[in-house]
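Here's a quick look at one chain, taken from a single side-chain contact out to the fold. Have the model open while you read.

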Amino acid sequence: MILGRKLNLALTASFLAIGATIGAAQMSEAAPANLSCAYGHFCGVDDLGNRFDVSKCGVRVPIGLSGPGEMFNNQTPGTYANWYYANGNWAGTIAPGAHSYIDWTPIWYVQPC
């Protein structure tokens, strides 16, 4: 009886440890890493390390990224960055000072401001 109880406790502890490890991996994937980007710039990177760094207002820039990645809008307060699909339609925006994960595959252009 004592051996069975010890075995149950050992198995429970093992499952809890595995669950905690899996949970930690999922949590780290949910929060963007600290992508470096010069002040006044909008930057992005994909999981292959390809990146863009743009700052010229009013210009849509083709980015050539695909797959998962992240972005960081390090522009001045009140300056929102946008990204666009291949057909030129608006796809999204990010506030100044914000980091975010994104799937770059459908995104072809970015415009910092």
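In this predicted model, the side chains of Thr79 and Thr76 are joined by a polar contact of 2.9 Å. Thr79 sits in the loop between strand 4 (68-74) and strand 5 (81-85). Its relative accessibility is 16%, under the 20% cut-off, so Thr79 counts as buried. Looking past neighbours within four places in sequence, Thr79 is in contact with Asn73, Pro96, Pro112 and Cys113.

Now zoom out. The chain has one helix and eight strands, and along the sequence they run α-β-β-β-β-β-β-β-β. Of its 113 residues, 28% count as buried. Take the contacts with a separation of 6 or more: 61% of them are between residues 24 or more positions apart. The chain exposes about 7100 Å², with carbon and sulfur atoms supplying 63% of that.

On to the rings. There are two aromatic pairs:

| Pair | Centre to centre | Angle between planes | Type |
|---|---|---|---|
| Phe42 and Phe52 | 5.3 Å | 70 degrees | edge-to-face |
| Phe52 and Trp104 | 5.4 Å | 85 degrees | edge-to-face |

Phe42 lies in strand 1 (residues 41-46) and Phe52 in strand 2 (residues 51-54), so their pair ties together parts 10 residues apart in sequence. Trp104 belongs to the loop between strand 7 (99-103) and strand 8 (107-111), so its pair with Phe52 ties together parts 52 residues apart. Ring pairs thus link Phe42, Phe52 and Trp104 into a cluster. Phe42 is buried at 0% relative accessibility, Phe52 is buried at 6%, and Trp104 is buried too.

One last ring: Arg60 lies over the face of Tyr84, 3.6 Å from the ring centre.

Terms used
Residues numbered from 1 in each chain as written. Predicted model: local features only at pLDDT ≥ 70, side-chain atom pairs only at ≥ 80, totals over all residues. Heavy atoms only, no water. Helix = DSSP H or I, 4+ residues; strand = E, 2+ residues; numbered from the N terminus. Buried < 20%, exposed > 50% of the residue type's maximum accessible area, 1.4 Å probe, protein only. Polar contact = N/O pair within 3.5 Å; in protein donor to acceptor, adjacent residues only side chain to side chain. Contact = heavy atoms within 4.5 Å. Areas by Shrake-Rupley, 256 points an atom, 1.4 Å probe, with all protein chains shown as cover. Phe/Tyr/Trp six-rings, centres within 6.5 Å; stacked < 30°, edge-to-face > 60°. Lys NZ or Arg CZ within 6 Å of the ring centre and 35° of its normal.
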